Every structure is written in C-alpha cells, then in structure tokens.
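Take a look at the model below. Keep it in view as you read this short report.

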Amino acid sequence: MDELRYQLDLLNALNEKLNGNDRIYKMISDISGYSYIYINFMEETTEMLGCWDEVLGERIGNSLDQDRMMSYIHEDDREKFKNTIADMRRNQAEDAVCEFRTAQGKNWVECRSHVFYNDYMEAQEQIMCFRQTTKERAQNEELRYLAYNDSLTGLYNRNYFVKCLRDFLEKAESENANVALMFVDIDDFKKINDSLGLLFGDELVQDFGLFIKSLQNDHIIAGRFGSDVFCIAIYDPYGSRSVEMIYRNMHDRLRKPFVLSNKAEIVFSVSVGVATYPEAGNTALELIKNAEIVLFRAKETGKNNLQYFEKDILNEFLDNVTIEQQLKSAVDHEDFLLYYQPQFYANSGKLRGVEALIRWPGADGKFISPTDFIPIAEKNGAIIPIGNWVMKEALRVYAAWTAKYEYPVVLSINISAIQLKKDNFTDQLLHLINLYDINPKMLELEITESIFIDDFEEVIDKMKSLRMLGIRVSLDDFGTGFSSLSYLKDLPIDTLKIDKSFIDTAIHDRSTNIITESVVNMVKKLGLETVAEGVETQEQYDFLKKIECDNIQGFLTGRPMTKTDIEKLLLETEKELGE
Ligand code: C2E
Ligand code: CA
Ligand code: CA
C-alpha cells in the first residue's frame with residue numbers, strides 16, 4: 001500500500017499546489033497508466049481521475065461516476081467487485097485487491113484499494129487504483145502454457161503429463177478403473193532425422209505430434225517425452241478408447257506418408273510399449289518406466305509393433321541391469337577367462353584348431369554365459385575393451401603354445417560386428433600379431449552375418465584387407481541369419497560354420513538332412529572349409545563325415561576347456577604323431 005499512499009500524496013500535493021489545475025493533475029495520472037477513484041467519506045465527495053479509456057479499454061468519454069463504474073464491469077464479476085472493494089468500509093477492511101473483466105469481457109482490470117480509518121475505526125477516505133492487466137495475463141498464460149506444454153508439438157510436456165497421469169490414477173483408484181499407458185517411439189528416428197536435417201526432422205515430429213494430439217479427449221491425454229518419444233494415457237480403456245483402437249488408428253495414419261514443407265514424403269513406423277494400472281504398476285513413474293522397458297522389447301523384436309507389459313520382460317530387464325553394473329567392474333578388472341574348444345578334422349580325427357570362448361565368473365563363482373552378457377556389452381560399448389582383452393589374451397596364450405609345440409593349430413577368435421567396424425581394428429590386431437610373432441595364416445576370425453546388415457561394402461573391404469594379410473575369416477552360426485547361399489559366393493571368407501540347429505535336426509528331419517548335405521556340397525564347391533558346430537552324438541559325427549563336412553566341433557569331441565587342458569591335448573597329439 002506504500003505505493004498507493006505515495007501516489008495519493010503526490011496527487012494531493014499537486015492538487016493543492018496547482019490549486020485545482022485539472023490539466024496537470026490529469027496529465028500526471030495519465031502517464032502513470034492508472035485510473036483512480038478517490039472517496040472522501042467525511043465530505044461525501046468522490047473524485048475520479050485517470051485514463052479510463054485506456055484502463056477499461058472502452059470509449060467512455062473519460063468521465064465516469066461510481067454508479068456508472070459498475071456498468072463497465074462484466075456482470076459475472078460485479079458481485080465479486082462489490083464484495084471485495086465496494087464493501088470495504090462495511091467489512092472494516094484496510095486493503096483489498098480484485099481482478100475483474102470489463103463489461104464485454106474483452107479486458108481484465110485489477111483494482112487495488114485502501115481505506116483510511118480514524119482511531120475509532122471510522123472510514124475517512126478510500127482510494128481505488130485501477131490498471132489494465134489484459135496483456136500481463138496473456139503473457140502469464142503463455143508462460144503457463146510453456147511450463148506445461150512442449151513447444152514443438154503443443155502436447156503436454158513430461159512434467160505436466162506425469163501430473164495428469166497421477167490425477168488419472170487417483171481417480172481410477174477411487175472408481176476402481178484401469179489406466180493404460182502407451183509409450184510410443186518412432187522407429188529409426190535417428191536415421192530419418194539425419195537424412196532430413198534437424199529442421200525437417202522437427203517438422204516431422206511436429207506433424208506426428210499433431211496427430212497424437214488429435215487423439216486426446218477427456219479420457220485420453222498425450223505428452224511428448226523426448227525428441228521422438230510420446231506417451232498416451234487412457235483412462236478406463238475400452239471400446240473406442242482401447243489401446244488396440246488407438247494403435248490401429250495410429251497404424252492407419254502411418255500408412256500414409258507425412259508430407260513436409262519441402263515436399264518430402266516420409267513414411268515411418270512406431271514401436272509401442274504398454275503398461276496398465278494396476279497390473280503393471282501403481283504409480284505414474286512406475287507405469288512409465290515399465291512401458292518403456294517393454295518398448296525396448298518391441299524394438300528388439302523387429303520394431304513396428306506393440307508390446308504389452310509382462311513380468312518376465314521386466315525381470316529379464318532387471319537381470320540385465322545387474323549384469324550391466326557388474327560387467328563394468330569386470331571390464332575394469334579384466335575379470336574374464338578364456339576357454340578353448342577343440343575342433344577336429346572329421347576324416348582323420350586329428351586336432352584342427354581351437355575356438356577361444358570367453359568365460360566370466362560371476363560373484364557366486366558360476367560362469368555367466370556369454371550369450372547373456374555379450375549382447376549387453378555390444379549395446380553399451382563394453383564389447384570393445386572385452387574384445388581387445390580376448391584378442392590379446394588369446395594371442396598371448398597361442399604364442400606360448402607355438403613356442404612349446406610344433407603341431408600346427410588354427411586359433412579361432414569370435415569378433416563382434418561392433419569391434420570389427422572400429423577404424424583401428426586392423427591396426428590393433430596387426431600390432432598384437434607382431435608383438436607375439438604369430439603366423440597370421442593360423443589365425444581365424446569368426447564373424448556373424450549380422451555384420452553385413454549395415455555398411456556392407458565397408459565391411460567387405462575390411463575383410464578383404466584382413467585376408468590380404470593372410471588372416472582367415474570364418475562365417476559363424478550359418479543357418480540362423482538370412483543365410484542365403486547365393487550371396488555366399490560374394491563374401492571374402494575362408495570357412496563356414498554350420499550352426500548347431502542344423503546339426504541337431506539333420507539326423508531326424510529329412511529335409512534338414514538334405515539341406516545340410518547340399519549346403520556342405522555347395523560350400524565346398526565355393527572352395528570354403530566347413531566346420532560343424534555343436535556336434536553331440538556319434539550319429540551326428542558319422543553323418544557329417546559321410547557328407548564330407550571338413551571339421552567337427554562339439555561336446556562329443558571336446559568341451560570348451562582351460563589352456564592347460566589344451567596343452568595336454570597338444571602334448572598327446574604330438575606324442576601320437578611321434579609314434
Ligand atoms: P558361438 O561362437 O557359436 O560359440 C559356440 C557356442 O556353442 C559356445 O557357447 C560353446 O560352448 C557352445 N557349444 C559348443 N559345442 C557344443 C555342443 O556340442 N553342444 C552345445 N549345447 N553347445 C556347444 P558359449 O561359450 O556359451 O558362447 C556362446 C556365444 O557367445 C558364442 O557362440 C559367441 O557368439 C559368443 N562368444 C563367446 N566368446 C566370445 C568372445 O570372445 N567374443 C565375442 N564377441 N563373442 C563371444
Ligand atoms: Ca564362434
Ligand atoms: Ca557359432
């Protein structure tokens with residue numbers, strides 16, 4: 001109220017000094033942008049001054065009396081104004097503030113008022129100060145909008161979405177209803193974004209965001225969580241607002257291209273994870289987390305699909321998180337072992353080589369399977385230090401064997417696609433080959449078909465340059481990937497490893513039997529060596545020998561074993577040869 005008091009004093013002072021010089025008096029109040037009503041209860045006079053046209057935003061001829069004042073206030077706000085401002089004297093209030101709309105509802109006006117009382121609490125004077133707040137409110141509104149909405153799409157932002165989801169859950173709890181949460185992520189968005197450029201990438205997100213927005217109603221809210229991540233919450237999902245319906249809608253929309261302002265027509269798919277209250281979580285954050293976890297599964301299983309929450313997926317995820325945490329420290333401490341599984345020539349039964357297989361002793365001393373941790377390491381990059389360790393350790397051990405034994409064995413090492421694609425891969429390998437003085441012709445790198453999915457040419461070039469150095473390349477797990485025989489002839493490889501799944505069924509399933517035989521025949525014609533993997537029975541061995549598969553690897557002839565056991569095998573082999 002100091003401000004008001006100051007202005008009143010100022011006006012009074014001026015008033016007195018200028019002795020009713022209305023012109024100057026008005027000028028002062030004009031620049032302040034305020035309008036005033038001053039009431040003197042003792043003298044029963046009311047004075048109004050200021051720029052009323054401006055404050056009320058209406059042409060009122062800049063003359064106004066108290067009764068007419070009411071007619072400029074929106075009829076819905078008149079009562080409020082009367083109770084807070086006009087009746088201050090009766091309520092013995094000193095200060096009051098009230099905001100009201102003007103009669104047509106176009107503008108907002110704030111009124112602050114102060115009543116001066118004497119020692120007997122009799123009101124002496126009242127000053128009311130009016131100012132227009134329309135613009136300010138619009139700005140606040142905008143700020144509020146920015147605080148709650150995503151500026152690109154206009155959808156709720158993460159924070160506000162979570163708040164609304166909480167409201168849904170609270171309501172669902174009292175009404176015994178369900179809430180479904182859909183976590184939607186554009187497939188391969190990074191690629192699309194890279195090819196479109198940032199600006200058009202944003203435009204695409206915006207267009208898709210608008211579509212998502214169109215799904216909203218009283219029961220459906222939507223938010224944008226990250227660059228290409230959207231969340232939709234459905235209260236009491238059934239019928240037209242069921243997850244399936246919304247997903248189908250989305251699918252229908254995605255069938256048609258999004259046309260950008262540069263005329264580019266973009267088609268993309270989305271993957272969706274769904275978590276439902278109360279089964280998949282009780283809190284907003286839990287639901288979001290679980291929907292995101294199952295979204296990853298939707299991505300893993302080929303994208304462009306929808307995955308509902310399942311407890312098993314969550315458990316697997318949590319196991320993986322544990323593995324991931326422990327893996328970090330294992331990498332730091334090089335807490336791994338290498339085992340070696342022998343491979344034998346099918347005909348002679350003599351040792352052909354060994355495949356190095358990594359072993360990771362977990363906290364309880366039991367080995368954690370490489371099939372469980374290698375994919376995680378490939379995802380988080382740990383495969384690089386792990387792969388480097390494997391190469392170094394395998395070559396070091398191999399060098400020690402060659403120093404001791406003359407018998408020539410091939411050393412096979414599994415190489416992850418991520419490892420091979422590193423620029424310095426060949427240099428690093430060469431460095432180790434020189435360091436340990438290894439004959440590159442005895443070194444075989446096992447790679448899988450997945451390596452060719454992206455950057456086909458680049459990978460082929462790299463493989464060619466490795467082979468120029470004398471290093472052998474082996475295609476692992478043949479029969480599990482796309483496994484087209486026609487493309488085999490174009491691959492710069494030396495060896496083909498026929499996957500265990502073939503060997504398992506070849507004996508009893510006639511068609512696999514025939515396929516396996518023709519694969520071996522054809523591969524041999526291409527000049528490649530064949531290795532059968534996972535040979536467990538004599539029957540399988542005999543069959544493979546009959547169809548002239550070159551090499552046998554499996555539990556039947558030898559499990560993965562320590563380097564000491566391999567040394568024993570080498571010693572025996574040399575002894576046999578010496579006899
Ligand atoms: P892989 O390269 O196909 O290795 C063969 C897997 O089959 C090994 O499993 C081996 O122990 C197992 N195996 C061999 N013979 C038989 C058999 O007769 N019966 C059965 N049931 N299994 C047999 P392991 O050691 O658990 O390795 C699993 C996978 O982990 C490997 O499959 C390979 O993809 C990966 N891996 C292992 N070590 C490394 C490594 O040092 N680097 C990379 N990048 N991956 C590795
Ligand atoms: Ca292998
Ligand atoms: Ca294999």
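The report covers two metal sites, a bound ligand, one helix and one further residue. The model is predicted.

**The two calcium ions**

Start with the calcium ion (ligand 2). Its protein donors are Glu355, Asn414, Glu446 and Asp476. They lie 2.1 to 2.3 Å from the ion. Along the sequence, these donor residues follow the spacing E-x58-N-x31-E-x29-D. Two of them show how distant parts of the chain are linked. Asn414 is in strand β16 (residues 410-414), and Asp476 is in strand β18 (residues 472-478). The two residues are 62 residues apart.

Are these two residues buried or exposed? Asp476 has 7% relative accessibility, so it counts as buried. Asn414 has 28% relative accessibility, so it counts as partly exposed. The cut-off for buried is under 20%.

Now turn to the calcium ion (ligand 3). Asp476, Asp477 and Glu533 coordinate it, at 2.1 to 2.5 Å. Glu533 appears twice in the list of donors, each time through OE. The spacing in sequence is D-D-x55-E. Asp476 lies in strand β18, while Glu533 lies in the loop between β20 (529-532) and α22 (538-546), so the pair ties together parts that are 57 residues apart in sequence. Both Asp476 and Glu533 are buried.

Which residue coordinates both ions? It is Asp476. This residue bridges the calcium ion (ligand 3) and the calcium ion (ligand 2), which lie 3.9 Å apart.

**Around ligand 1**

There are 21 residues around ligand 1. Which come nearest? They are Gln341, Arg359, Asp476, Glu536 and Phe555. Asp476, the bridge between the two calcium ions, is thus met again here.

Some polar atoms of the protein lie close to oxygen atoms of ligand 1. The table lists three cases.

| Residue | Atom on the protein side | Distance to an oxygen atom of ligand 1 |
|---|---|---|
| Glu355 | polar side-chain atom | 3.2 Å |
| Glu533 | N or O atom in the side chain | 3.3 Å |
| Phe555 | polar backbone atom | 2.8 Å |

On its own, ligand 1 has 790 Å² of accessible area, and the protein covers 81% of it. Which elements give two or more residues to the shell? They are β14, α14 and β18. The largest share, 4 residues, comes from β14.

Two names in the table also belong to the metal sites. Glu355 is a donor of the calcium ion (ligand 2). Glu533 coordinates the calcium ion (ligand 3).

**Helix α13**

Helix α13 spans residues 311-332 and has 22 residues. From its first C-alpha to its last it reaches 32 Å. That is close to the 32 Å expected at 1.5 Å a residue.

Which residues of α13 are buried? They are Ile313, Leu314, Ile323, Leu327, Ala330 and Val331. What do they pack against? The partners include the helices α12 (284-300), α14 (370-380) and α15 (383-404). The strands β12 (306-308), β14 (351-361) and β15 (367-368) are also among them. Both β14 and α14 give residues to the shell around ligand 1 as well. Just after α13, Glu334 takes a positive phi of about 50 degrees.

**One more residue: Asn513**

Asn513 is found in helix α21 (residues 510-525). Beyond its neighbours within four places in sequence, Asn513 is in contact with Ala506, Ile507 and Phe543. Phe543 is 30 residues from Asn513 in sequence. In space, the two are 9.1 Å apart, C-alpha to C-alpha.

Methods: Residues numbered from 1 in each chain as written. Chains lettered and ligands numbered in written order. Predicted model: local features only at pLDDT ≥ 70, side-chain atom pairs only at ≥ 80, totals over all residues. Heavy atoms only, no water. Expected span 1.5 Å × (residues − 1). Buried < 20%, exposed > 50% of the residue type's maximum accessible area, 1.4 Å probe, protein only. Contact = heavy atoms within 4.5 Å. Donors = N, O, S within 2.8 Å, 3.2 Å for Na, K, Ca; no water. Near = heavy atom within 4 Å. Polar contact = N/O pair within 3.5 Å; in protein donor to acceptor, adjacent residues only side chain to side chain. Areas by Shrake-Rupley, 256 points an atom, 1.4 Å probe, with all protein chains shown as cover.
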